[in-house]
Amino acid sequence: MTPSPTKQFTKNILERKVGQKPGFLNVHEHSLPPRLFMVSFDGDLYESREFENYDSLMAAFVSQPQARHWIDVRGYQNLELMERLMLDFQIHALQMEDVINDYQRPKVEEDGNRLFIISRMVTFTEEHEIDDDQISLFTGPNYVLTLQSDYEDCLNPLRERIRAGKGSIRKKSSIYLAYAILDVVLDHYFPAMAQLGEYAEELEDCLFENPSKKLLSQILDLKREVVKIRRIIWPERDKINEILRMDEAQIPHDLRIYFKDIYDHAVQLIDLVDNYRETTSSLTDLYLSNVSNRMNEVMKVLTIISTIFIPLSFIVGLYGMNFSREQPDGEINPLNMPELYHPYGYVTLLGFMGLVVVGMVYYFYRKGWLN
Amino acid sequence: MTPSPTKQFTKNILERKVGQKPGFLNVHEHSLPPRLFMVSFDGDLYESREFENYDSLMAAFVSQPQARHWIDVRGYQNLELMERLMLDFQIHALQMEDVINDYQRPKVEEDGNRLFIISRMVTFTEEHEIDDDQISLFTGPNYVLTLQSDYEDCLNPLRERIRAGKGSIRKKSSIYLAYAILDVVLDHYFPAMAQLGEYAEELEDCLFENPSKKLLSQILDLKREVVKIRRIIWPERDKINEILRMDEAQIPHDLRIYFKDIYDHAVQLIDLVDNYRETTSSLTDLYLSNVSNRMNEVMKVLTIISTIFIPLSFIVGLYGMNFSREQPDGEINPLNMPELYHPYGYVTLLGFMGLVVVGMVYYFYRKGWLN
Amino acid sequence: MTPSPTKQFTKNILERKVGQKPGFLNVHEHSLPPRLFMVSFDGDLYESREFENYDSLMAAFVSQPQARHWIDVRGYQNLELMERLMLDFQIHALQMEDVINDYQRPKVEEDGNRLFIISRMVTFTEEHEIDDDQISLFTGPNYVLTLQSDYEDCLNPLRERIRAGKGSIRKKSSIYLAYAILDVVLDHYFPAMAQLGEYAEELEDCLFENPSKKLLSQILDLKREVVKIRRIIWPERDKINEILRMDEAQIPHDLRIYFKDIYDHAVQLIDLVDNYRETTSSLTDLYLSNVSNRMNEVMKVLTIISTIFIPLSFIVGLYGMNFSREQPDGEINPLNMPELYHPYGYVTLLGFMGLVVVGMVYYFYRKGWLN
Amino acid sequence: MTPSPTKQFTKNILERKVGQKPGFLNVHEHSLPPRLFMVSFDGDLYESREFENYDSLMAAFVSQPQARHWIDVRGYQNLELMERLMLDFQIHALQMEDVINDYQRPKVEEDGNRLFIISRMVTFTEEHEIDDDQISLFTGPNYVLTLQSDYEDCLNPLRERIRAGKGSIRKKSSIYLAYAILDVVLDHYFPAMAQLGEYAEELEDCLFENPSKKLLSQILDLKREVVKIRRIIWPERDKINEILRMDEAQIPHDLRIYFKDIYDHAVQLIDLVDNYRETTSSLTDLYLSNVSNRMNEVMKVLTIISTIFIPLSFIVGLYGMNFSREQPDGEINPLNMPELYHPYGYVTLLGFMGLVVVGMVYYFYRKGWLN
Amino acid sequence: MTPSPTKQFTKNILERKVGQKPGFLNVHEHSLPPRLFMVSFDGDLYESREFENYDSLMAAFVSQPQARHWIDVRGYQNLELMERLMLDFQIHALQMEDVINDYQRPKVEEDGNRLFIISRMVTFTEEHEIDDDQISLFTGPNYVLTLQSDYEDCLNPLRERIRAGKGSIRKKSSIYLAYAILDVVLDHYFPAMAQLGEYAEELEDCLFENPSKKLLSQILDLKREVVKIRRIIWPERDKINEILRMDEAQIPHDLRIYFKDIYDHAVQLIDLVDNYRETTSSLTDLYLSNVSNRMNEVMKVLTIISTIFIPLSFIVGLYGMNFSREQPDGEINPLNMPELYHPYGYVTLLGFMGLVVVGMVYYFYRKGWLN
Ligand SMILES: [Mg+2]
Ligand SMILES: [Mg+2]
Ligand SMILES: [Mg+2]
Ligand SMILES: [Mg+2]
Ligand SMILES: [Mg+2]
Ligand SMILES: [Mg+2]
Ligand SMILES: [Mg+2]
Ligand SMILES: [Mg+2]
Ligand SMILES: [Mg+2]
Ligand SMILES: [Mg+2]
Ligand SMILES: [Mg+2]
Ligand SMILES: [Mg+2]
Ligand SMILES: [Mg+2]
Ligand SMILES: [Mg+2]
Ligand SMILES: [Mg+2]
Ligand SMILES: [Mg+2]
Ligand SMILES: [Mg+2]
Ligand SMILES: [Mg+2]
Ligand SMILES: [Mg+2]
Ligand SMILES: [Mg+2]
Ligand SMILES: [Mg+2]
Ligand SMILES: [Mg+2]
Ligand SMILES: [Mg+2]
Ligand SMILES: [Mg+2]
Ligand SMILES: [Mg+2]
Ligand SMILES: [Mg+2]
Ligand SMILES: [Mg+2]
Ligand SMILES: [Mg+2]
Ligand SMILES: [Mg+2]
Ligand SMILES: [Mg+2]
Ligand SMILES: [Mg+2]
């Protein structure tokens with residue numbers, strides 16, 4: 001069984017060395033060796049390449065100063081590469097630390113006209129947990145540099161759009177490319193949210209069909225996932241809002257509407273996640289109410305059975321008493337249980353007990369306990 | 001059974017293609033073929049027409065530049081039409097995407113002196129759910145362009161007012177027409193809220209009369225609807241507030257009071273929805289308390305019956321014992337259950353047991369368990 | 001039984017016609033025919049009159065331009081009168097709509113130097129509900145115009161003060177008169193709050209003395225009333241705050257302290273209502289805990305009785321068995337229940353059962369179940 | 001039994017006459033006759049006197065214009081004195097109303113360079129309630145005037161400091177004296193909070209030792225006291241914050257750090273009170289859980305006893321049946337209860353029932369019900 | 001058993017003397033005698049010394065005006081030393097009071113270009129409690145002065161970095177040193193949080209394995225610790241935010257990014273603590289649900305056993321009745337319990353009772369009560 005994300009996170013924090021110098025690049029053992037990609041394009045040009053080494057990438061990069069370039073570094077296991085990136089792209093050590101630590105909430109920083117943006121790519125896993133990977137993005141006059149810890153990401157539709165030359169992306173500036181990346185990343189929140197919603201409905205169905213003991217635990221775990229994604233989306237929204245408040249130098253006027261659009265999407269995601277919060281709260285309430293209802297049902301069965309048979313048992317016990325018709329001296333005690341000697345005593349009693357049962361059943365029926 | 005709105009929404013999200021270029025117009029298969037309406041009017045003029053095709057509509061539109069026009073497009077299943085609208089009315093691709101996606105929270109965007117407004121038209125359905133349809137609205141110097149996905153809407157009272165020339169609507173600017181549309185849309189929230197309130201009272205009556213197992217589920221579903229409409233009304237209010245903060249160029253000074261009026265209505269709706277939130281919370285509490293009370297009642301019946309009969313059963317069991325008056329060797333054991341041989345043994349015991357019953361009933365009466 | 005306010009409100013909303021032109025004056029059938037009052041005063045002058053018709057009122061009004069006038073219209077069932085008021089006192093149609101609809105949350109609007117203020121007069125009814133009536137107020141250079149739907153209001157102490165010439169009210173401006181009205185209206189919230197508080201204490205006493213099944217329902221209803229008055233007081237406070245932020249032209253500097261004073265009162269009311277919110281929450285918790293405690297008590301009685309008698313019943317059942325001392329062939333089975341033939345068998349058993357009872361009672365005493 | 005503070009407060013409100021002219025001085029019957037104190041000091045001078053009448057106080061006051069004076073009026077039962085104070089110290093009637101009404105939340109008002117400050121002195125009473133008395137304070141160029149309803153207050157340590165000439169207080173301005181009063185008043189919140197905290201721990205101990213029925217009621221009462229003190233401390237903090245935002249004319253720059261210091265204390269008190277809120281919530285949860293646990297324990301005893309003896313009772317009942325070995329006609333029924341005639345029938349059955357008991361006890365032990 | 005932190009805190013408050021002059025230095029009896037450390041460095045220089053007395057420290061300090069110095073005073077038990085520090089480093093009495101009282105929430109104060117910063121160093125103790133020690137920090141042109149009550153702190157990694165000359169710390173200004181201290185202090189929150197998280201998971205495991213009665217108490221205690229650390233981290237964040245809003249004179253532009261970095265960490269800590277809050281809430285819910293589930297299980301066992309055996313007991317009781325086949329006069333009552341004389345009466349009854357048991361078990365199986 002894999003550790004829960006909380007456990008994993010706890011482990012990561014414990015491994016982290018405290019008191020390091022600021023900007024210390026703590027390359028994790030289990031991080032991947034870097035792969036270097038670059039997509040270069042302008043209106044006419046389109047080249048998508050993976051490079052063997054950083055030098056060849058840089059050579060290609062500087063040889064086409066008029067084109068836009070999307071440099072994409074995946075995997076951090078090469079401290080030297082990271083330091084060369086910092087040098088060549090004027091990345092501050094603290095920013096590179098944020099990139100490599102791989103657990104930074106979404107944010108944007110501006111430095112002159114350049115932006116440093118961190119986004120989180122979200123998926124809803126098979127284990128019903130929100131998994132979020134970090135993508136770090138630096139903009140420059142004619143490039144966007146992205147860094148991620150995994151080889152796989154959610155950006156292939158965008159790569160395909162650049163290749164196909166669809167839309168105006170090939171003709172637009174590097175900041176538009178940055179926007180396009182943020183847009184695709186945020187777009188992928190929707191299917192994750194939809195899967196989470198489907199899982200919530202699965203749990204709701206369970207609740208009414210065969211509620212297991214683990215169900216509450218699962219509902220509360222889901223609640224925590226909802227809270228978790230909420231804590232990712234809010235800073236995502238704040239980040240885009242901060243971009244919208246930047247001035248012309250960072251965000252040209254005609255691109256503003258694009259960021260406004262992803263802002264709308266972020267707000268819609270917040271609405272959605274609040275919806276799920278309400279849903280999981282409802283599920284908790286329903287679960288607890290179901291527990292009470294089941295106890296109620298158990299109690300009713302017990303009460304019906306007991307209430308019917310306890311008086312009957314008394315009656316049969318009554319006629320099981322050994323009061324003697326005769327005293328030891330042979331004298332007759334006519335008052336001692338004469339019923340026992342009546343020819344119709346037994347059948348009368350059976351009939352009486354039948355009436356008692358009918359009366360009680362009617363009483364329970366009137367109380368509505370029999371449905 | 002139709003899927004719940006949440007399920008429907010989840011389905012929509014899953015169908016949505018992620019990573020599309022911004023402004024991609026995703027015309028849904030199940031969307032309706034567009035119908036084109038235009039109402040043209042000024043102080044004297046009044047014409048209300050449906051057009052066969054877009055060209056004839058545009059011809060009519062440009063031929064009366066001095067009049068105001070309300071162009072009303074219903075149904076989106078024609079990509080080419082949408083693109084011509086974008087071109088002729090300078091609509092940004094991202095705005096048209098918002099229109100067609102049909103799930104955008106209420107908002108306003110200004111672009112020069114033009115406004116782009118999205119509202120949601122709300123109804124409370126037979127299935128006790130909030131159904132909300134989107135109406136998108138663009139203003140221009142002498143026109144208002146509205147787009148909606150359905151053929152039916154809630155604006156007929158307004159159309160009738162224009163036709164009848166009631167009020168000053170025929171003499172006022174296009175921004176006043178936009179206001180009038182927003183006003184009528186918001187007016188329709190009130191009956192929806194009233195129906196929701198009536199349903200809440202139905203559920204409350206159920207609670208006291210015959211609470212079914214499904215009741216809590218229904219209450220919690222209603223709670224979710226209340227939360228849902230809350231999330232629609234708040235941005236509605238924010239939208240109007242944003243309009244109120246616009247300057248003279250967008251909202252002339254003498255129209256400000258009209259928008260202030262619908263702002264008041266939006267705030268009143270928020271009060272109302274908070275009222276319903278409180279009501280549904282109360283219902284949940286009452287339901288859970290009812291469950292406890294019913295269990296209490298069951299327990300009391302069980303306890304009364306058991307407490308009365310268990311001691312009696314002991315007593316009759318006592319006198320059902322077979323302690324022998326004679327030892328096997330014929331010697332007498334006078335201490336072995338002499339009661340059994342007493343001439344009044346049986347009736348004394350019956351009387352004693354009667355007293356026990358009376359005592360217990362009195363005890364329960366004093367405890368207040370008998371009412 | 002009168003409908004609950006929520007029901008009444010729902011009904012009102014359903015009756016309201018949606019889609020009306022803005023400023024449509026919807027005179028309710030059941031509204032009262034207007035009565036026209038005017039109090040005219042300055043340092044020396046004091047006249048308080050009811051007028052037969054609007055013309056005579058206006059004649060009196062214009063004949064004393066140097067005095068201050070409080071024109072008080074009660075009852076709205078005269079559309080023509082309302083329209084003449086709009087004309088003579090420059091009231092916007094939307095404002096008159098707010099007046100007549102009679103369900104507008106407290107607010108203030110400024111129009112030049114004139115104020116339009118809506119307040120709500122609150123009482124706590126016999127049915128333990130917050131009843132709030134609207135008073136609408138327009139200020140002018142030498143007059144205050146108030147409109148209310150009922151003939152009765154809470155302003156008589158103020159009328160008496162003007163008549164008696166107490167305080168400086170006769171010497172002050174019309175805006176001071178407006179303040180005085182707002183002050184008296186807000187003063188009346190305190191006794192309403194006190195009655196609500198007394199009712200809360202009544203319910204609390206019930207809780208400990210004879211909690212009925214309806215009690216939780218009553219507590220939750222009270223909670224809703226508390227929430228309702230909270231939603232009235234907050235905008236009341238906001239309204240006064242807005243007045244305080246107006247400039248010299250609307251609120252002369254020396255009057256500012258008076259509005260600050262009623263602001264303090266509004267804040268004090270908010271403190272009070274939050275206090276009651278906490279109280280009603282406590283009551284809910286106490287009620288639910290009482291239900292649990294009662295169930296606990298029932299369970300304890302059941303358990304004590306059962307635990308004492310069930311083992312005893314077993315014992316007497318044991319000696320009610322018919323194991324035979326003799327085999328059918330007459331052979332003796334000395335091991336079959338020899339106790340039954342022992343001369344002290346019965347009394348020994350009675351003694352033993354007495355010990356069992358004492359032991360159990362002691363056990364329950366130690367558990368603390370007997371107090 | 002003294003009425004609870006809420007009851008007292010409700011009574012006060014009901015007694016208050018509504019609709020009075022603003023600034024009406026409602027001297028309560030039960031208020032104390034005023035006592036007049038003045039401490040006069042500068043670097044050298046120190047005089048602390050109680051005056052017989054207001055004239056002698058004023059004579060002393062005006063005779064030392066170069067010194068600082070702390071005039072301290074305790075008890076309000078003299079309307080004429082109050083009016084003379086208003087005249088001599090330019091106190092607005094509304095401010096004097098706030099003083100005398102004795103129930104004003106903490107606030108500060110500035111009027112030119114003068115401050116009017118209301119603070120509340122808090123104690124935690126023997127009855128476990130927050131008792132708060134009002135102290136009203138006016139600053140002037142060379143004096144501070146305080147008014148309180150009681151003869152006793154918490155300011156003696158400050159009086160002693162002035163007498164002893166400790167610190168720089170004798171050399172500083174009247175605004176510093178005002179600060180020193182506020183500081184001592186706020187300092188006294190800490191022991192009140194500590195006592196409240198000790199009481200909370202007492203209740204927690206009760207919870208685990210001998211939880212009475214009244215305990216929840218006490219916990220919820222404490223919760224309300226916590227909420228009450230919270231509503232006193234927050235405006236206290238806001239008041240100091242407002243003072244900090246005043247400009248040089250009111251608060252000289254070198255005194256700002258002193259007010260910042262009491263601001264820190266107010267924030268610390270807020271932290272503390274939030275801590276207690278959390279504590280009382282925990283207590284409520286623990287109480288309710290204890291109730292459930294006790295019910296669980298009762299149920300377990302019942303279930304263990306019943307589960308052990310009910311089957312045994314069946315068995316002994318079985319062998320109490322009277323199936324006859326002989327038919328009436330003397331024919332033998334060998335299948336009718338031959339066990340009863342077996343020489344080891346009884347002991348075998350006793351052994352079997354012993355095994356059943358052992359098995360069940362083991363089962364309960366495994367379930368963990370026996371600890 | 002050591003007192004709980006809350007108890008300790010309550011005790012501290014009670015000991016604190018109220019009404020002291022502002023800036024009164026209340027040296028606690030149990031505070032440690034001061035030890036004096038100084039680290040002096042610049043690009044080349046590195047000296048780390050402990051001084052016997054304050055004079056030798058000051059001599060060393062003034063002899064190297066071109067270097068940066070970190071003066072570190074640990075232990076406060078020397079009033080004279082504290083007063084000399086105030087004099088030599090221009091520390092206000094109120095600031096020194098904050099230092100020595102040792103219970104000040106995180107804050108920053110600026111005084112000219114100098115900063116006074118209070119941070120709290122957090123650990124999670126063996127007793128599962130948040131322990132926080134205060135570190136107070138004053139910056140000057142070429143020094144940082146820190147004061148702490150204990151000899152041990154969490155700053156050794158930083159001291160080692162200065163010694164090793166790692167990073168640029170030796171070349172940077174004193175404000176950078178202040179940053180570095182804050183950074184290391186905040187870094188240590190992460191392992192404390194991780195330990196808290198591990199403890200939360202321990203409790204969760206307990207919940208599912210062997211929930212003790214104390215468990216809820218432990219969960220609620222943990223909840224309180226989470227609330228406590230939350231109240232430490234929020235002002236920590238606010239403090240850093242306030243530093244970020246200072247101008248160039250306090251925080252040079254190139255250092256701003258460093259403070260931004262620790263701001264990010266503070267926000268991440270807030271996310272983390274909110275995560276734990278959600279977790280502890282889940283644990284409470286799970287605990288309470290487990291209590292209900294256990295009660296349910298108890299009830300089911302009771303109900304199954306009772307429901308099976310109570311009817312059987314009735315049946316065997318029925319055939320234990322003594323209805324007589326013969327009347328006293330010898331006449332035969334053929335209807336009185338003829339079953340008893342039937343040759344297969346007993347075995348038939350045993351079979352019938354077996355069927356009843358099978359039927360009931362099947363019923364319980366269908367209800368799902370047997371798993
Ligand atoms: Mg760092
Ligand atoms: Mg990853
Ligand atoms: Mg991954
Ligand atoms: Mg998108
Ligand atoms: Mg879990
Ligand atoms: Mg959009
Ligand atoms: Mg898109
Ligand atoms: Mg639709
Ligand atoms: Mg529709
Ligand atoms: Mg309207
Ligand atoms: Mg549902
Ligand atoms: Mg209106
Ligand atoms: Mg009315
Ligand atoms: Mg009325
Ligand atoms: Mg008032
Ligand atoms: Mg009701
Ligand atoms: Mg006042
Ligand atoms: Mg709850
Ligand atoms: Mg008043
Ligand atoms: Mg008092
Ligand atoms: Mg007192
Ligand atoms: Mg202080
Ligand atoms: Mg009470
Ligand atoms: Mg301080
Ligand atoms: Mg102090
Ligand atoms: Mg310490
Ligand atoms: Mg320590
Ligand atoms: Mg750090
Ligand atoms: Mg504890
Ligand atoms: Mg960082
Ligand atoms: Mg039973």
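These notebook entries record what I looked up in the structure.

**Conventions.** I worked with a predicted model, in which local features need pLDDT of at least 70 and side-chain atom pairs count only at pLDDT 80 or more, while totals for chains, interfaces and linings use all residues. Residues are numbered from 1 along each chain as its sequence is written, chains are lettered from A and ligands numbered from 1 in the order in which they are written, and side-chain values use heavy atoms, with hydrogens and water left out.

**Entry 1: magnesium ions.** I looked up the donors of ligand 12, a magnesium ion, and found D261(B) (OD) and D98(C) (OD), at 1.9 Å. This pair crosses between chains: D261(B) belongs to helix α9 (residues 256–318) of chain B, and D98(C) to helix α4 (residues 93–101) of chain C. Donors are N, O and S atoms within 2.8 Å of the metal (3.2 Å for Na, K and Ca); water is not among the atoms, so sites may look incomplete. Helices (H or I, at least four residues) and strands (E, at least two) are DSSP runs, numbered from the N terminus. I noted that D261(B) and D98(C) are both buried. Buried means under 20% relative accessible area, exposed over 50%, and partly exposed in between (1.4 Å probe, protein chains only).

For the magnesium ion that is ligand 10, I found coordination by D183(B) (OD) and D187(B) (OD), at 2.2 to 2.7 Å. D183(B) and D187(B) both sit in helix α6 (residues 174–187) of chain B, 4 residues apart, about one turn of the helix. D183(B) and D187(B) are buried.

**Entry 2: salt bridges.** I searched the whole structure and recorded 98 salt bridges over all chains. A salt bridge is a side-chain nitrogen of Lys or Arg within 4 Å of a carboxyl oxygen of Asp or Glu. In chain D, I found D72(D) bridged to R74(D) (2.8 Å, N to O), with both residues buried. R159(D) and D153(D) form another salt bridge, their closest N and O atoms being 2.8 Å apart, and both are buried.

In chain E, I found K239(E) in a salt bridge with E236(E), the closest N and O atoms being 2.5 Å apart. K239(E) and E236(E) are separated by about one helical turn because they are 3 residues apart in helix α8 (residues 214–244) of chain E. I then found one network, in which salt bridges that share partners join D98(A), K107(A), E109(A), K260(E) and D264(E).

**Entry 3: a glycine in chain E.** I located G359(E) in helix α10 (residues 345–367) of chain E. G359(E) counts as partly exposed, at 37% relative accessibility.
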